Amino acid sequence: MPIETTLTVSDRLPENAELTAVPFGPDLAASPVELPVPVSALLSHYEAKGEPGEVFEVPVVRGDGVGRVLLYGTGDCSAPALRKAGAAIARKAKGRPSLSVVVPAHGDVSALVEGALLASYTFRIGQTRTSAVEEIVFSGADEPALRRGEVAARATALARDLVNTPADVKTPEWLAEQARIIAADHGLAVRVWADGDLGEFGGIRAVGQGSIHPPRFVQLQYTPENAGDGTPHVVLAGKGITFDTGGLSLKPNEGMKTMKTDMAGGAVVMAVMSALAAFEVPVRVTGLIACAENAISGSAQRPSDVITQYGGRTVEVLNTDAEGRLVLADALAYADAELDPDVMIDIATLTGAAKVALGVSLGALYATDESVADSLLSAGEISGDRFWRMPLLEDYRADLDSDVADLTNVDRKMSGAAGSVIAALYLREFVGERPWAHLDIAGPARSAADDGQFTKGATGFGVRMLLSYLAA
Ligand code: BES
Ligand code: ZN
Ligand code: ZN
């Protein structure tokens, strides 16, 4: 379903377009479309400041009828400004068959495309037709840049689709099947672990054992053309909890009703993997998705059970709602033992505490390696998926010591303080000596409303950051 809008590139402005978007800003001398009054007069009439997100509709003569021009602000033409501008014009064109866009003379036009396409995203189950603009024609723009924006937007929309799919459809088996489809469509190698194959993955098995939909572990592999021995290898691991009831440490309804989102990290990994070839990413990338449903039943794990993570470490599970770290620890320990990566990055809707700390505009970033942290933070600024560095504070490590096992899965004092830091410290136990970063997207994985490039529900936050990091 995702983005039904088609994107067309034309070297000139189509004549007699019914709806044309024209940028206005300090450097706009004259509009390429004839207007009833000079632009400057229109701008002062509308008290327009030229900020991104401003759009003014002006009627123009079209043959015997009336056409419309959308004057749109572009601010400083930075990528965030153009993303916002693109989203605003696409929203204004809702329900129309076609929108022609004159691109600004400055700035990276791929951001304008991302904004326009992502704001046109819809997710519906049923007969209702989408109201997004059917076609957007970009004229006078650099085609490769437009297509880059399109690939990034469609990958983000894929992640949104996976996350927006209800959990009654989205079982771990279904998610693994989607990974197989992505692999077939984009030339990736794929392997899926099920049932007896999951023997060593004690965290994934324990979390999944309460559900009638059994868990899966998925590996997708991308190898660039001309890869050699010196080609770096990055592992991406995503939390794929298809629904998080909390298990026997049950969540209240208010906190549970959005928990189909709890595989957003896994969805980001799948979406990134789908776009690597199109971006000609020069590094080897392995995507791991740890899929399970954290359900409640007679076979669910109990608070106080002791499980064995991949690699042999034992864990006293004191809270079954801290399940994401259990499935991710298996994925990270497996990657460290078997895949010999140069960098490991995990991404997860891991803790409510990360959302409390940073809200919905920023993801939390933890890293053991300064250069990985810096690269991810700057990829975040460029792409618009922004992250904030958080501390791996040693003071709290002892809170994960258990009386009966190697570790507990939550702060033994159960104070609830620094929940996001403690979850990160837990994961760090499983990464060996590898440079590692952890991305907690519990806040920004969902949007409460249509807002700029975001549409209500899943956001696909993290896809464009990781693509920009890997393509750099
Ligand atoms: N999936 C949740 C985290 C979450 C909460 C994501 C809200 C998005 C919005 C995770 O599995 C969880 O429940 N974590 C617990 C950990 C606690 C028991 C230590 C939490 O954050 O409360
Ligand atoms: Zn949970
Ligand atoms: Zn969870």
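A polar side-chain atom of Lys-239 lies 3.2 Å from an oxygen atom of ligand 1, a polar contact being a pair of N or O atoms within 3.5 Å. The model is predicted: local features need pLDDT of at least 70 and side-chain atom pairs pLDDT 80 or more, while totals for chains, interfaces and linings use all residues. Side-chain values use heavy atoms, without hydrogens and water, and residues are numbered from 1 along each chain.

**Ligand 1 and its surroundings**

- Side-chain N or O atoms of Asp-321 and of Glu-323 each lie 2.8 Å from an oxygen atom of ligand 1.
- The protein covers 76% of the 520 Å² of accessible area that ligand 1 has on its own (Shrake-Rupley method, 1.4 Å probe).
- Around ligand 1 there are 15 residues, the closest being Lys-251, Asp-262, Asp-321, Glu-323 and Gly-352; a residue is counted if one of its heavy atoms lies within 4 Å.
- By class, this shell holds seven charged, four polar and four nonpolar residues; Asp, Glu, Lys and Arg count as charged, Ala, Val, Leu, Ile, Met, Phe, Trp, Tyr, Cys and Pro as nonpolar, and the others, Gly among them, as polar.

**The zinc ion (ligand 3)**

- Lys-239 (NZ), Asp-244 (OD), Asp-262 (OD) and Glu-323 (OE) coordinate the zinc ion (ligand 3) at 2.0 to 2.5 Å; donors are N, O and S atoms within 2.8 Å of the metal (3.2 Å for Na, K and Ca).
- Its site has six donor atoms with angles of 78 to 174° and is octahedral (six donors, opposite ones over 155 degrees apart and all others between 65 and 115).
- The donor residues are spaced K-x4-D-x17-D-x60-E in sequence.

**The zinc ion (ligand 2)**

- The zinc ion (ligand 2) is coordinated at 2.0 to 2.2 Å by Asp-244 (OD), Asp-321 (O), Asp-321 (OD) and Glu-323 (OE).
- The angles among its six donor atoms run from 71 to 170°, and the site is irregular.
- Along the chain, its donors follow the spacing D-x76-D-x1-E.

**The zinc pair**

- The zinc ion (ligand 2) and the zinc ion (ligand 3) are 3.2 Å apart, and Asp-244 coordinates both.

Conventions
Chains are lettered from A and ligands numbered from 1 in the order in which they are written. A polar contact is a pair of N or O atoms within 3.5 Å; within protein, one must be able to donate a hydrogen and the other to accept it, and residues adjacent in sequence count only if both atoms are side-chain atoms. Four donors count as tetrahedral if all angles lie between 85 and 135 degrees; four count as square planar and six as octahedral if opposite donors are over 155 degrees apart and all others between 65 and 115; anything else is irregular.
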